[in-house]
Amino acid sequence: MSATTVITKKVRRPHGRRPVSRGNATGARTLSRVLIVLVLLLQVYPFYWIVSTSLQPAESFAAGDAFSLPVDFTFDNFTRAFEQGDISRFLLNSAVVTVASNVLIVVLGMMGAYAIQVLGFQLSRAVLALFLGGIVVPVQVALVPLFINYANVGLLDSYVSMILPLVGFALPMSVFLFISFFTYVPKEVYEAASLDGCGPYRLFLRITAPMSTGTIVTVVFVNSIFIWNDFIFANTFVLSEEMKTVPLGLQSYLGAMGSTDWTATFAAVSVTVTPLLLAFLVFNRIVVRGLEAGGRS
């Protein structure tokens, strides 16, 4: 074989594969950065506008441009929001519903996924299909039957009337996320623990639950967004002012404060959205890893 043939074979590229030029790679990076900046602006600016408006004096907001940068700052809007709008009560009700719902979702979802994926039983695949089928069921179909049943048993206008449907409609996705994580746990771990004398309950408490911390955080955070912002169940089953949650309280807040006190209204809105934003900043990496694990299954 001649030297020319060897050199030709070395520089020959695979069939159908074209080299990526440096200019195309630079253009793709520039385009991705521009898109990231646009998405960031679309996400951050509304929150910035809400907070800046809530810090403006009412007279300054009414006299100037609503979208202009604030010049003077005041915290009187927050004082009026808490004193006249009963924001504390709304926050407490939303916190009770969110915490109780998440506890039930995590416990029931993890136990269901553990029974389906780890223990296994007859018709476990059918049960999984039933859970996954619940993802496509719209919540609106359950409103009238639930309202009638709650009225018959006296559960209207209570925490339970909101918690039960929120847990029921969140369980399918939670079971799916836990099953996705359990598929990556080697079976040898459970076999070794079984040889050491661990039964199914100890396997769940000593091995499965501690290893599922990242998935638990993901499930809690994803469901907390929908539970905290839930309006349809609260609007249907809550009848008194004392049981209103944040979305329902803000809906009636405009009527209570009037159509001119927008700064106090935005102060109330900024207070109610801040907890979720802080939680996302703290747990965003864990949440993203948990969702990626679910998507790879």
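These are my notes on the cavities and pockets of this structure.

**Setting up.** I am working with a predicted model, where local features need pLDDT of at least 70, side-chain atom pairs count only at pLDDT 80 or more, and totals for chains, interfaces and linings use all residues. Residues are numbered from 1 along each chain as its sequence is written, and side-chain values use heavy atoms, with hydrogens and water left out.

**Cavities.** I looked for cavities (on a 1 Å grid over the protein atoms alone, sets of points where a 1.4 Å probe fits but cannot get out). I found two of 30 Å³ or more. The largest holds about 60 Å³ (the space filled by probe spheres set on the points, which are joined across faces, edges and corners). Its lining (residues with an atom within 4 Å of a point) includes S94, M162, W228 and D230. I noted that α5 (87-119) gives the largest share, three residues. Helices here are DSSP runs of H or I, at least four residues, numbered from the N terminus. By class, I get seven nonpolar, three polar and one charged residues (Ala, Val, Leu, Ile, Met, Phe, Trp, Tyr, Cys and Pro are nonpolar, Asp, Glu, Lys and Arg charged, the others, Gly among them, polar).

**Largest pocket.** Next I checked pockets (open sets with protein on both sides within 12 Å along at least five of seven lines). The largest has about 370 Å³ of space. L166, F169, A170, N223 and F226 sit closest to its centre, out of 17 lining residues. For this pocket α8 gives the most, six residues. I count 14 nonpolar, two polar and one charged residues in the pocket lining.

Methods: Helix = DSSP H or I, 4+ residues; strand = E, 2+ residues; numbered from the N terminus.
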